[in-house]
Amino acid sequence: MPPTHRHAISDLLDLLGRRWTLRVLWELREDPQPFGALRTACGEMSTSVLTARLSDLAAAGLTENTAAGYALTAQGRELLTHLAPLNDFARRWRPGPAA
């Protein structure tokens, strides 16, 4: 296989490995959020980084900007179903208030 050939999983891991990407996806898990509310939910993330992550996620087809705010697409919601076991593990690993 030539070194320039990339696998789909590599592309997904590169996207999800960017700082704050998973946090943005997680904060959008329930309802669409306007930019300001999402920025508040993400705490220490700068406005420019949030803008960049939302752009990356939209380009990947995982989020969209709707009249109600930023939301997961069908693919974004499907991705979160695969992250749910990680949330279950995190709760067992570090018990505390439900998130």
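Of the 99 residues in the chain, 28% are buried, where buried means under 20% relative accessible area, exposed means over 50%, and partly exposed lies in between (1.4 Å probe, protein chains only). The model is a predicted one: local features need pLDDT of at least 70, side-chain atom pairs count only at pLDDT 80 or more, and totals for chains, interfaces and linings use all residues. Residues are numbered from 1 along each chain as its sequence is written, and side-chain values use heavy atoms, with hydrogens and water left out.

**Overall layout**

The chain has five helices and two strands, and their order along the sequence is α-α-α-α-β-β-α. Helices (H or I, at least four residues) and strands (E, at least two) are DSSP runs, numbered from the N terminus. A box of roughly 45 × 35 × 25 Å, taken along the principal axes, holds the C-alpha atoms. The exposed surface of the chain is about 6,600 Å², and 57% of it comes from carbon and sulfur atoms; these areas come from the Shrake-Rupley method with a 1.4 Å probe, and for residues only the protein chains shown count as cover.

Contact means heavy atoms within 4.5 Å. Among contacts between residues at least 6 apart in sequence, 48% join residues at least 24 apart.

**The core**

In soluble globular proteins, nonpolar side chains tend to be buried together. A nonpolar core is a set of buried Ala, Val, Leu, Ile, Met, Phe, Trp, Tyr and Cys residues joined through side-chain atoms within 4.5 Å. The largest one here has 18 residues, and V24, L25 and L38 touch the most other members. At least two residues of this core come from each of helix 1 (8–16), helix 2 (21–27), helix 4 (47–59), strand 2 (69–72) and helix 5 (74–93).

Which residues does L38 contact, leaving aside its neighbours within four places in sequence? They are V24, E27, L28, Q33, L50, L54 and Y70.

**An aromatic pair**

The structure holds one aromatic pair. It joins F35 and Y70 edge-to-face, at 6.3 Å centre to centre and with 65 degrees between the planes. Rings of Phe, Tyr and Trp (its six-membered ring) pair if their centres lie within 6.5 Å; planes under 30 degrees apart count as stacked, over 60 as edge-to-face and the rest as tilted. Because F35 lies in helix 3 (residues 35–41) and Y70 in strand 2, the pair ties together parts that are 35 residues apart in sequence.

**Four single residues**

The table lists the relative accessible area of some residues.

| Residue | State | Relative accessible area |
|---|---|---|
| W20 | buried | 18% |
| F35 | partly exposed | 25% |
| E64 | partly exposed | 38% |
| P34 | partly exposed | 45% |

W20 lies in the loop between helix 1 and helix 2. W20 has a positive phi of about 80 degrees, although it is not a glycine.

P34 belongs to the loop between helix 2 and helix 3. Not counting neighbours within four places in sequence, P34 is in contact with A68 and G69. From P34 to T81 the C-alpha distance is 23 Å, with their positions 47 residues apart in sequence.

E64 is part of strand 1 (residues 63–66). Apart from residues up to four places away in sequence, E64 touches G69, Y70, A71, L72 and T73. The C-alpha atoms of E64 and T21 are 14 Å apart, and the two residues are 43 residues apart along the chain.
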